[in-house]
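Please take the sequence and the model together, and follow the chain through its buried positions, its open and closed spaces, its backbone details and its charged pairs.

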Amino acid sequence: MDKAALRRTLIEQRLNLTDRLHRADLLQQVMRFWLIDRPDTVIGAYWPIKGEFDPLPALHRWKEDGELQRDGQRRRIGLPVIDKESKTLSFHLWYPGCPMEEDAYGIPKPKDTEVIVPTLLFVPCVGYAAGGYRLGYGGGFYDRTLATLEPRPFTVGLGFTCGYVDDFTPDAHDLPLDAILNDNGVVWPMAQRPRR
């Protein structure tokens, strides 16, 4: 399998979706419903690039919903910041309007906000396959980060239906995600499994 060629094809398909905004609205709804029964109060996410689904509107709503509950849950959202030496990610507090700056890859990241440790992590998928396997951009940042985090957060891939890859062979270092959501609903697993 030529993963570099597959990445290029999937990114091009995603960028050329004529109904991407409609699919994004559907995935926002799927995400919001999926989050209803989750106990997490700290969630890590990502800044969308290359036509990726944007999880931040649903997460901002999740944060506001927590504050409206009787117990006034303080919910927090983190975005990744790359450690250039270890090539791993840490998650820094994000909120609408917080100061941002570009990282070495030109991706916006929170500027000078505190490091937070998510118990749930939403991960972007260039592609995804049965078994919870994800095709990313090939940098290995999420795999290296997840291999070092203790306890490991519950990981959820986000992508559009066109990102499903039927014939996918994961590499030995690839870690399966705990769940994958797309604009049709829950892709993996069909029944949520308990946290590790």
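Helices and strands are here DSSP runs, numbered from the N terminus, with at least four residues for a helix and at least two for a strand. The model is a predicted one, and within it Gly-78 is found in strand E2. Gly-78 counts as buried because its relative accessible area is 1%, and buried means under 20%. Once its neighbours within four places in sequence are left aside, Gly-78 is in contact with Ile-43, Gly-44, Ala-45, Phe-91, His-92, Leu-93, Trp-94 and Ile-116. Tyr-95 stands 17 residues from Gly-78 along the chain, and the C-alpha atoms of the two are separated by 8.3 Å.

Strand E2, which spans residues 76-83, also takes part in the lining of the largest pocket, where it supplies at least two residues, as do helix H1 (3-15), strand E7 (120-124), strand E9 (133-135) and helix H4 (141-148). The largest share of that lining, four residues, comes from H4. The space in the largest pocket amounts to about 720 Å³, and of the 34 residues that line the pocket, those closest to its centre are Arg-134, Tyr-137, Gly-139, Phe-141 and Tyr-142.

Tyr-137 leads on to a charged residue, since a polar contact of 2.7 Å joins its side chain to that of Glu-52. Where does Glu-52 lie? Its place is the loop between strand E1 (42-44) and helix H3 (56-68). Glu-52 is buried and yet has no salt bridge, for the nearest side chain of opposite charge, that of Arg-14, is 4.4 Å away, whereas a salt bridge requires a side-chain nitrogen of Lys or Arg within 4 Å of a carboxyl oxygen of Asp or Glu. Apart from neighbours within four places in sequence, the residues in contact with Glu-52 are Arg-14, Tyr-46, Trp-47, Pro-124, Tyr-137 and Phe-160.

Two of these residues, Arg-14 and Phe-160, return when the enclosed space is considered. The structure holds one cavity of 30 Å³ or more, and about 90 Å³ of space lies in the largest cavity. Its lining is made of 13 residues, of which Arg-14, Cys-125, Val-126, Gly-159 and Phe-160 are the closest to its centre.

The backbone has some details that deserve a look while the model is on the screen. The peptide bond from Glu-150 to Pro-151 is cis, with omega near -5°, and Pro-151 lies in the loop between H4 and strand E10 (154-158). A cis peptide bond also joins Trp-188 and Pro-189, with omega about -25°, and Pro-189 has its place in the segment after strand E12 (185-188). Lys-87, in the loop between E2 and strand E3 (88-94), has a phi near 55°, a positive value in a residue other than glycine, and with a relative accessible area of 41% Lys-87 is partly exposed. Asp-112 likewise has a positive phi, near 60°, and is found in the loop between strand E5 (108-110) and strand E6 (115-116); at 72% relative accessibility, Asp-112 counts as exposed.

The charged pairs complete the walk, and the count comes to eight salt bridges. In one of them the side chains of Arg-23 and Asp-183 meet at 2.9 Å, N to O. Arg-23 lies in helix H2 (residues 20-35) and Asp-183 in the loop between strand E11 (179-182) and E12, so the pair ties together parts that are 160 residues apart in sequence. Both ends of this pair count as buried, Arg-23 at 19% relative accessibility and Asp-183 at 7%.

The side chains of Asp-40 and Arg-38 also meet in a salt bridge, at 2.8 Å from N to O, and Asp-40 is buried, as is Arg-38. Within helix H3, Glu-67 and Lys-63 lie four residues apart, about one turn of the helix, and their side chains form a salt bridge of 2.7 Å, N to O. Glu-67 counts as partly exposed, at 42% relative accessibility. Lys-3, Asp-171 and Asp-174, finally, are joined into one network by salt bridges that share partners.

Terms used: Residues numbered from 1 in each chain as written. Predicted model: local features only at pLDDT ≥ 70, side-chain atom pairs only at ≥ 80, totals over all residues. Heavy atoms only, no water. Buried < 20%, exposed > 50% of the residue type's maximum accessible area, 1.4 Å probe, protein only. Lys, Arg positive; Asp, Glu negative; His and termini not counted. Polar contact = N/O pair within 3.5 Å; in protein donor to acceptor, adjacent residues only side chain to side chain. Contact = heavy atoms within 4.5 Å. 1 Å grid on protein atoms, 1.4 Å probe; cavity = no way out; pocket = protein on both sides within 12 Å on 5 of 7 lines; lining within 4 Å. Points joined across faces, edges and corners; volume = space filled by probe spheres on them.
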